[in-house]
Amino acid sequence: MDLDDLLFHYFGTTSIDDLDEDAIETGRERVAIAFGTEQERGRRFALWILLDALGSAPEPDAAFEDERDRKAAEDYLWASRRMERR
């Protein structure tokens with residue numbers, strides 16, 4: 001999945017910096033609904049990462065039933081937190 005495509009699909013723009021808080025919240029709700037209904041593992045994981053970037057991703061143990069997906073999400077969180085410290 002391409003980030004610009006995701007942003008445009010859920011937010012109507014590729015630059016969410018230009019949106020007001022209401023538009024961001026509306027897009028965030030759309031992403032959350034898509035995450036909850038998506039069946040394909042890769043797409044679901046990409047939506048979860050977008051939710052994390054928006055500050056509203058559920059914890060990996062609540063978000064993913066498959067242990068491999070849960071572990072991938074935990075690894076992603078570890079790496080992204082480590083990058084924030086730099």
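Here are a few worked exercises on the structure above.

This is a predicted model, in which local features need pLDDT of at least 70, side-chain atom pairs count only at pLDDT 80 or more, and totals for chains, interfaces and linings use all residues. Residues are numbered from 1 along each chain as its sequence is written, and side-chain values use heavy atoms, with hydrogens and water left out.

**Exercise 1. Find where Arg-28 lies and decide whether Arg-28 is buried or exposed.**

Step 1: Look along helix 2, residues 21-37, and you'll find Arg-28 there. Helices are DSSP runs of H or I with at least four residues, numbered from the N terminus.

Step 2: Check the cover. Buried means under 20% relative accessible area, exposed means over 50%, and partly exposed is in between (1.4 Å probe, protein chains only). Arg-28 counts as buried because its relative accessibility is 18%.

Step 3: See what surrounds it. With neighbours within four places in sequence left aside, Arg-28 is in contact (heavy atoms within 4.5 Å) with Phe-11, Glu-21, Leu-51, Leu-54 and Ser-56.

**Exercise 2. Work out which residues share a salt bridge network with Arg-28.**

Step 1: Start from the rule: a salt bridge is a side-chain nitrogen of Lys or Arg within 4 Å of a carboxyl oxygen of Asp or Glu. That rule gives a count of 7 salt bridges.

Step 2: Take Glu-21. Its salt bridge with Arg-28 has the closest N and O atoms 3.7 Å apart. Glu-21 is exposed, at a relative accessible area of 51%.

Step 3: Take Glu-25. Here the N to O distance to Arg-28 is 3.6 Å, again a salt bridge. Glu-25 and Arg-28 are separated by about one helical turn, because they sit 3 residues apart in helix 2. Glu-25 counts as partly exposed, with 32% relative accessibility.

Step 4: Now try a pair elsewhere. Asp-69 and Arg-41 meet through their side chains in a salt bridge of 2.7 Å, N to O. This pair links distant parts of the chain, with Asp-69 in helix 5 and Arg-41 in helix 3 (residues 41-53), 28 residues apart. Asp-69 is buried at 13% relative accessibility, while Arg-41 is partly exposed at 39%.

Step 5: Put the network together. Shared partners join Glu-21, Glu-25 and Arg-28 into one network of salt bridges.

**Exercise 3. Describe the surroundings of Phe-45 in helix 3.**

Step 1: Place it. Phe-45 belongs to helix 3, and it is buried, with a relative accessible area of 17%.

Step 2: List its contacts. Apart from neighbours within four places in sequence, Phe-45 touches Phe-64, Asp-69, Ala-72, Ala-73 and Tyr-76.

Step 3: Add a distance. Phe-45 and Arg-70 are 25 residues apart along the chain, and their C-alpha atoms are separated by 9.6 Å.

**Exercise 4. Locate Ser-15 and give its distance in space from Glu-25.**

Step 1: Go to the loop between helix 1 (3-11) and helix 2, which holds Ser-15. Ser-15 is partly exposed, with a relative accessible area of 25%.

Step 2: Compare the two positions. Ser-15 and Glu-25 are 10 residues apart in sequence, and C-alpha to C-alpha they are 14 Å apart in space.

**Exercise 5. Say where Glu-74 is found and how accessible Glu-74 is.**

Step 1: Find helix 5, residues 67-84, which includes Glu-74.

Step 2: Read off the accessibility. Glu-74 is partly exposed, with a relative accessible area of 40%.

Note on methods: Helix = DSSP H or I, 4+ residues; strand = E, 2+ residues; numbered from the N terminus.
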